[in-house]
Amino acid sequence: MSPTLRRRLFSIGCILGFFVAWELLCLAFRVSELILPRPSVILVTMWADFPAILPHALQTLYTTLAGFGLGIVIGFLLGMLIGGSRLAYDTAYPMLVGFSSIPKVALVPIFVLWFGAGTVPAILTAMIMCIFPIVVNVATGLSATEPELQDVMKTLRATKLEILWNIGLPRSMPYFFASLKVAATLAFVGSVISETVASNKGIGNLMMIASSNFDVPLVFAGLFILAALGVALYVVFSLIEGRVTGWSVRSDTFSTGG
Amino acid sequence: MKPAIATRSSATENVINLEKVGVSFGVASALVTALAETSLRIAHGEFVALVGPSGCGKSTILKLVAGTLDASQGHVFVAGREVGAAPVRIGMAFQNPTLLPWLNIRDNVMLPLKIVPPFRRGFAAKRKTEYRDRVEALLATVGLAGFGDKFPWQLSGGMQQRASLCRALIHDPTLLLLDEPFGALDQFTREELWEIMQTLWIEKRPTVVLVTHDLKEAAYLASRICVMQARPGRIIEDSVVPFARPRTVEASYEPDFVALTQHLRGRIVAARGNPQAAA
């Protein structure tokens with residue numbers, strides 16, 4: 001058995017074991033479905049209520065992706081600006097830290113005030129959540145560029161833009177993708193927070209309504225869906241990361257495949 | 001930019017002209033002089049080696065000429081123009097390979113063609129055809145044929161250094177700056193690269209400035225050797241190497257050659273022991 005296969009088997013075993021233990025413990029201690037439903041009950045609820053859940057799931061996916069996309073664009077540009085110029089770094093960084101330390105849930109009422117309840121606040125909250133890690137990582141990546149590599153370009157009389165394009169950008173890609181994996185999950189947090197506070201659509205809203213009806217299995221079904229969506233987005237960006245920044249990993253798989 | 005001086009220096013056909021250049025770091029209270037007032041002229045097609053102990057400012061001179069460091073005083077002229085404005089193609093190899101880890105060897109070597117005129121024109125079209133062949137041919141001369149698709153970390157340190165030399169040479173530089181590029185290599189690889197470098201210089205006659213600790217390397221490759229001393233950095237001897245070319249590694253064990261390296265060593269040891277006496 002190869003080490004990779006063994007690692008995967010352990011990982012799958014761990015996940016399955018978690019749910020089996022959950023199921024068995026609930027059965028053994030006769031835990032009420034109003035407190036903690038068993039995984040099997042949750043799965044049955046998901047299956048039975050699928051037509052009702054689907055539009056909510058799509059709404060959450062839509063607001064999250066839209067917010068995430070906006071967050072990537074803005075975060076990347078801000079990160080380039082801050083990482084590329086010492087002046088911009090010193091000027092903007094304290095303000096950025098100030099903004100990021102505001103609990104994002106506190107911004108939702110303001111967004112609702114401006115744009116009304118629904119889709120827009122969810123997109124904006126998701127965006128705000130993911131901007132900060134992206135900005136910090138892109139800026140760090142740019143400033144981590146080795147001076148020796150810049151000297152190579154300078155002796156060729158490259159312009160600042162050419163140095164940024166040929167050295168700074170590729171050098172910061174590993175940092176950028178590391179931040180995307182964090183930001184992808186944060187975007188879900190943002191949109192779900194906004195949906196629970198002010199929306200009549202989305203998984204967050206579904207869970208709020210279900211919990212006020214004491215439909216606890218449906219609440220957990222919402223959680224499962226969120227986890228699944230989050231994992232899916234994480235996997236997508238991990239795959240892209242592997243293709244773009246494989247050079248920084250230097251694994252055996254890359255050396256034979258690249 | 002001072003046009004009057006620029007005209008004069010170009011008239012003497014010096015590719016490099018350092019006019020009373022000094023470099024110091026820090027503020028007045030803790031000023032470190034890396035290079036005391038130094039003048040140096042290097043003519044077109046010369047192969048000059050700068051030798052000396054650590055901290056004597058030999059790499060500083062190279063950085064001044066490369067334009068990655070500004071002089072605190074004096075003027076640096078390259079091809080008759082103030083450094084930076086000079087229309088001269090510079091190739092530089094560093095002590096470390098400094099290859100870009102995200103590019104394979106071929107794209108790394110090709111980098112100057114992407115940046116430097118006139119090669120940059122039509123780069124996108126030529127990179128798969130003309131430039132690719134050009135890179136492969138150059139890689140073959142340093143024994144890296146077929147390694148174009150490899151990434152830097154898949155190569156040994158010596159091979160990376162060869163690739164780095166190729167990057168310094170790919171755009172036919174008229175001025176080649178070598179900052180101890182053979183320093184970290186084993187004896188045999190080093191001697192092999194000396195031969196390659198000499199052949200290349202005889203064929204294309206670029207102006208070369210080589211910084212090195214290795215006196216044998218300086219005597220084998222250079223047509224002129226400048227000995228430097230440290231604290232403050234300055235040139236204490238400037239002598240021509242008389243040996244006929246092409247030189248062989250075997251010849252470097254003959255009495256004349258050994259006498260020259262002995263002499264250079266003596267000057268450096270004396271300068272280290274008592275800096276004032278050597279000046």
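So, chain A first: it has 11 helices and zero strands. Read from the N terminus, the order of elements is simply α-α-α-α-α-α-α-α-α-α-α. Please keep in mind that this is a predicted model. If you follow the C-alpha trace of chain A along its principal axes, it spans about 75 × 60 × 30 Å.

Let me stay in chain A and show you one pair of helices. Helix α2(A) covers residues 39-48 and helix α3(A) covers residues 50-84, and their axes come within 5 Å and cross at roughly 85°. That crossing angle is why we call α2(A) roughly perpendicular to α3(A). Which residues meet there? On the α2(A) side we have Met46(A), Trp47(A) and Ala48(A), and they meet Phe50(A), Pro51(A) and Ile53(A) of α3(A). By class, that contact has six nonpolar residues, with no polar and no charged ones.

One backbone oddity in chain A, while we're here. Phe214(A) isn't a glycine, yet its phi is positive, about 55°. As a reminder, most residues other than glycine have a negative phi. Where does Phe214(A) sit? You'll find Phe214(A) in the loop between α9 (203-212) and α10 (216-244) of chain A.

Okay, on to how chain A meets chain B. Chain A puts 21 residues into the contact, and chain B puts in 25 residues. Between them the two chains bury about 2100 Å², and 71% of that is on carbon and sulfur atoms. Looking at the chain A side, Thr155(A), Leu156(A) and Arg157(A) lose the most area to chain B, and together they make up 31% of what that side buries.

What about charges across the interface? The count between chain A and chain B is one salt bridge. The partners are Glu162(A) and Arg120(B), with their closest N and O atoms 2.8 Å apart. For polar contacts, the rule finds three residue pairs across the interface, with both residues at pLDDT 80 or more.

Which helices of chain A are doing the touching? α7 (147-155), α8 (160-197) and α11 (252-257) each supply at least two residues to the side facing chain B. Of the elements on that side, α7(A) gives the most, with seven residues. Sorted by class, the chain A side that touches chain B has nine nonpolar, five polar and seven charged residues.

Now a few things within chain B. Over all chains, the salt bridge count comes to 16. Here's one from chain B: Arg134(B) pairs with Asp172(B), and the closest N and O atoms are 3.5 Å apart. That pair links distant parts of the chain, 38 residues apart: Arg134(B) is in helix α5 (residues 130-141), while Asp172(B) is in the loop between α6 (157-169) and β7 (175-179).

Last topic, the cis peptide bonds in chain B. Most peptide bonds are trans, of course. But the bond from Pro117(B) to Pro118(B) is cis, with omega near 0°. Pro118(B) lies in the loop between α3 (105-115) and α4 (123-126) of chain B. Then there's a cis bond joining Arg245(B) and Pro246(B), where omega is about -5°. Pro246(B) belongs to the loop between β10 (234-240) and α9 (255-273) of chain B.

To go back over the interface: if you open the model yourself, start from Glu162(A) and Arg120(B), the salt bridge pair, and then look at Thr155(A), Leu156(A) and Arg157(A), which lose the most area to chain B on the chain A side.

Definitions and conventions
Residues are numbered from 1 along each chain as its sequence is written. Chains are lettered from A and ligands numbered from 1 in the order in which they are written. This is a predicted model: local features need pLDDT of at least 70, side-chain atom pairs count only at pLDDT 80 or more; totals for chains, interfaces and linings use all residues. Side-chain values use heavy atoms; hydrogens and water are left out. Contact means heavy atoms within 4.5 Å. Buried area is the accessible area (1.4 Å probe) that two parts lose on being put together, summed over both. A salt bridge is a side-chain nitrogen of Lys or Arg within 4 Å of a carboxyl oxygen of Asp or Glu. A polar contact is a pair of N or O atoms within 3.5 Å; within protein, one must be able to donate a hydrogen and the other to accept it, and residues adjacent in sequence count only if both atoms are side-chain atoms. Helices (H or I, at least four residues) and strands (E, at least two) are DSSP runs, numbered from the N terminus. Ala, Val, Leu, Ile, Met, Phe, Trp, Tyr, Cys and Pro count as nonpolar, Asp, Glu, Lys and Arg as charged, and the others, Gly among them, as polar. Axes are lines fitted to C-alpha atoms, for helices over the stretch in contact, and angles run from 0 to 180 degrees between N-to-C directions. Angles under 35 degrees count as roughly parallel, over 145 as roughly antiparallel, 65 to 115 as roughly perpendicular and the rest as oblique.
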